[in-house]
Amino acid sequence: MNSPLSWNRLPRVSPDAVYRLTQRSADIPLHLPRPLLAYGNGRSYGDVCLTEQGTLLLTRGLDRFISFDEQNGILRCEAGITLQEILELIVPRGWFLPVTPGTRMSTVGGAVSNDVHGKNHHTSGTFCHHVRCLELWRSDGSIIECGPEKHQQWFEATVGGLGLTGLIRWVEFGLIPIENPWMWVESRRFANLDEFWTLNHQLESRWPYTVAWIDCLASGNARGRGLILAADHAAARNELPKFKERRRRVPIDPPFSLVNRVSLRALNGLYYRQPIKPQGGLTHYAPYFYPLDTIQDWNRIYGRQGFYQYQCVIPPREAEAATAALLETIGRRGEGSFLAVLKTFGNKSSLGMLSFPRAGTTLALDFPNRGDKTLRLFEELDAIVREAGGALYPGKDARMPASLFQSGFPQWEAFSKYVDPNFSSEFWRRVTS
Ligand SMILES: Cc1cc2nc3c(=O)[nH]c(=O)nc-3n(C[C@H](O)[C@H](O)[C@H](O)COP(=O)(O)OP(=O)(O)OC[C@H]3O[C@@H](n4cnc5c(N)ncnc54)[C@H](O)[C@@H]3O)c2cc1C
């Protein structure tokens, strides 16, 4: 078996062993090399799900539904189930995930451990705001059932805890009711960052879901131009369109990145000029929430060197100036991805000691790995984030310096008391050494 990778395909590290979990209550053999680390579906970018020493515990075999209260929308399932498998069960029964990241290929254990956020952060917080309880296995054999009101410290350490407090075996969380699988989506164009702030403010007060895609290469008066998609679950109606998802696949690993300055300019420009729907229209939930999932293995377009994602959050007071500075730096270097994501987080405080979401603005974009050149750009971006009092998302990181992690997550030392002594990751060793 090839060593498991994370989504951006770097770093490439081989653990001493991998062990497939199939029964949630089965013992984990004592002879496995330590440290241990759970690996869900490898949809994080970077090294939170990787360890070169020790054993990766593959959780996808923990894929059973345990209970489903269809009246009240409460689901308990094993931690290796993907969000896609959950949607297949719940959507036909009139329920939806309370919060979802931009891929439905994440497992529930991964969603909890990175305390993932979605397009509705400003109204619904993070995934873990909806978790009622979970079961944690510790390497000393103890089992802790915790939640917001039960063993609360363990809960606060484990949600957003990057898999370091032990193995999550099952999770119980609340769902939200829907009338049908469709979204009502209003799309609007903004000509630059100033227009974004105004439009985003207006739309967030009216819509539960908002997200903006921006052209990171546009400069001058057009810096930060893009499209914003605001949405809600569609109301009940007698007739609905038919929907069939078309899936495509990137079949090969190109020897070099297909994403470069020329392809980026062309694709970003095309995307920006596409027809919009200011009056709104119906879109199935799959293309609205998961546009990238329809292209299987899209991460291959960056070639064998892999890529980085840079996702930061900037506190509200500094957000406008720092976002402009970040885009100016990225644009000047001609780097960046097809479509950068810009979103404001609401004021709901995250529950996890190491949760990334917090009030402010988050910018996320991918960069082909061009070695030192890319790393030097990140140093410039880090300086802007640090100066603004922001933080980088551990679930999307393969290189942040320890000092930036420690300033962005001031509870990290208090958190480290809850780390299972037999669990660790490349990420954790990197940011605490
Ligand atoms: C296209 C795309 C879009 C994305 N959009 C978003 C987004 O909008 N918002 C967002 O927040 N994230 C987003 N992500 C990131 C992704 O949702 C998270 O990284 C998620 O945690 C991945 O889940 P996974 O099951 O693949 O976990 P992995 O990547 O395998 O692991 C992630 C972490 O969870 C831990 N873990 C996994 N299972 C367990 C378990 N059972 N017990 C203990 N620890 C465990 C691992 O040790 C690791 O620390 C996106 C990723 C992609 C590829």
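Colleague: Which elements each supply at least two residues of the shell around the ligand?

Modeller: In this predicted model, they are β2 (36–39), α2 (108–113) and β10 (167–174). The largest share, four residues, comes from α2.

Colleague: What makes a residue part of that shell, and which are the closest?

Modeller: The C-beta atom, placed from the backbone, has to lie within 6 Å of the ligand. There are 33 residues around the ligand, and the closest are Gly-40, Gly-102, Gly-109, Gly-110 and Gly-163.

Colleague: How does the shell divide into nonpolar, polar and charged residues?

Modeller: Happy to say: 14 are nonpolar, 18 polar and one charged. Gly counts as polar here.

Colleague: Let's turn to Pro-11. Why is Pro-11 called partly exposed?

Modeller: Buried needs 20 or more other C-beta atoms within 10 Å, and exposed needs 12 or fewer. Pro-11 has 17, so Pro-11 falls in between and is partly exposed. Its place is in the segment before β1 (17–20).

Colleague: Which residues is Pro-11 in contact with, leaving aside neighbours within four places in sequence?

Modeller: Those are Asp-47, Leu-50, Ala-398 and Glu-426.

Colleague: Now the strands. How do you know that β19 and β20 pair?

Modeller: Pairing takes at least two bridges found by DSSP. Strands β19 (residues 340–345) and β20 (residues 360–368) have five bridges, in the antiparallel sense, so they pair. Val-341 stands opposite Ala-364 in β20.

Colleague: And what is the strand order of the open sheet?

Modeller: Its eight strands run β16-β12-β14-β13-β19-β20-β18-β21, with antiparallel pairing.

Colleague: What makes β16 and β21 the edge strands?

Modeller: β16 (281–284) and β21 (391–392) each pair on one side only.

Key. Residues are numbered from 1 along each chain as its sequence is written. This is a predicted model: local features need pLDDT of at least 70, side-chain atom pairs count only at pLDDT 80 or more; totals for chains, interfaces and linings use all residues. Two residues are in contact if their C-beta atoms, placed from the backbone, lie within 7 Å.
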